[in-house]
Amino acid sequence: MSKKRVLTGITTTGTPHLGNYVGAIRPAVEASGQDAIESYFFLADYHALIKCQDPRQVRQSSKEIAATWIALGLDTDRAVFYRQSDIPEITELTWVLCCNAAKGLMNRAHAYKAAVQANEAAGEDPDFGVTMGLFSYPVLMAADILMFNAHEIPVGRDQIQHVEMARDIAQRFNHNFANVFTLPEAVVDDSVAVLQGLDGRKMSKSYNNTIPLFGTEKQLRKAINKIKTNLLEPGEPKDPDDSTVFQLWSAFAGPAEVADMRKAFVEGIAWGEAKKQLFELINDEIAPARARYDELMADPGYVEEVLQQGAARARQESVELMTKVREAVGISTMV
Ligand code: TRP
């Protein structure tokens, strides 16, 4: 039986936070240990250029994200872990797919539409500040996915549309030229929590409400102390289902500990005490990986080596696939 191939990309802007860890990294690292799955994970650094024009930040974020995944125990002998920009065939494929993707389909992409709507609301030209990168972004993402014939693409809800677009583009290519591409499917795991941030909204860099995954112990404690709570005093019953502290607790604790904390809330645990316990719980889980992360960041030679090996493995396939694609569209040598 052939294995199920799972692929996902991480855009290299920003520093990994607890929401990334719980929502994406932890489940991906776990899945990559399963025998029936072939995992492809990559640093989407060309995607980063769409949102970020600061070279230092792109470079730093790539390093942090790679070190994070390795520190958390991604088995890079099994999973293929690589940097998008090390695979030139991806950008080559992007052009071929651009010539197959309908512009009308791209007009409907959420990220582009949101930018246009914001401009219209501000009385600007609809395309003000919109680059071709932002507009074509779903095509680059389609190339990422189709290059490796991935079956399943684990993503957040906001990315489902892009995976559907990749499927559409693949279908069109297969129909017009040759049956080259596997049709991918988006997978959203509802059992994985979308973490709340310091202010109770979804934890996200764009809301500036994140808790960094590998800050120092002191920073973690400080961030947890900043989580917004209400003014209920110690001894007053608190509603666990309306609490970011409890939501975070549930993302790290086992079922018995979750039940205990629920009881403690109803019995009026003090916010300070709940936060102290939350800090200890999270810190216990991530402390060993944090130490490894600090080592890798101080000496990234190993990280680079892992990425180079990943790229070599990935290119064995991408070169072959690109040959098929060129052949299919009529671009090949004369003899
Ligand atoms: N666009 C995705 C995001 O912002 C990241 C990404 C790039 C990706 N290429 C991908 C995800 C391919 C899945 C498959 O989250």
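**Exercise 1. Find out why the radius of gyration of the protein chain agrees with that of a compact globule.**

Start with the rule, 2.2 Å times the number of residues to the power 0.38, with the radius taken over C-alpha atoms. For 335 residues, this puts a compact globule near 20 Å. The protein chain has 22 Å, which agrees. As a companion figure, its C-alpha atoms fill a box of roughly 80 × 50 × 40 Å along the principal axes.

Keep in mind that this is a predicted model, where local features need pLDDT of at least 70, side-chain atom pairs count only at pLDDT 80 or more, and totals for chains, interfaces and linings use all residues. Residues are numbered from 1 along each chain as its sequence is written, and side-chain values use heavy atoms, leaving out hydrogens and water.

**Exercise 2. Work out what share of the residues is buried and how far apart in sequence contacts reach.**

First, take buried as under 20% relative accessible area, exposed as over 50%, and partly exposed as in between (1.4 Å probe, protein chains only). Buried residues then account for 46% of the 335.

Next, let a contact be heavy atoms within 4.5 Å. Of the contacts between residues at least 6 apart in sequence, 78% join residues at least 24 apart.

**Exercise 3. Decide how many disulfides there are, and look at Cys98 and Cys99.**

A disulfide needs two cysteine sulfur atoms within 2.5 Å, and the count by this rule is zero. For Cys98, the closest cysteine sulfur belongs to Cys99, 6.5 Å away, which is too far for a bond.

Finally, check the surroundings: Cys98 is partly exposed at 28% relative accessible area, while Cys99 is exposed at 52%.
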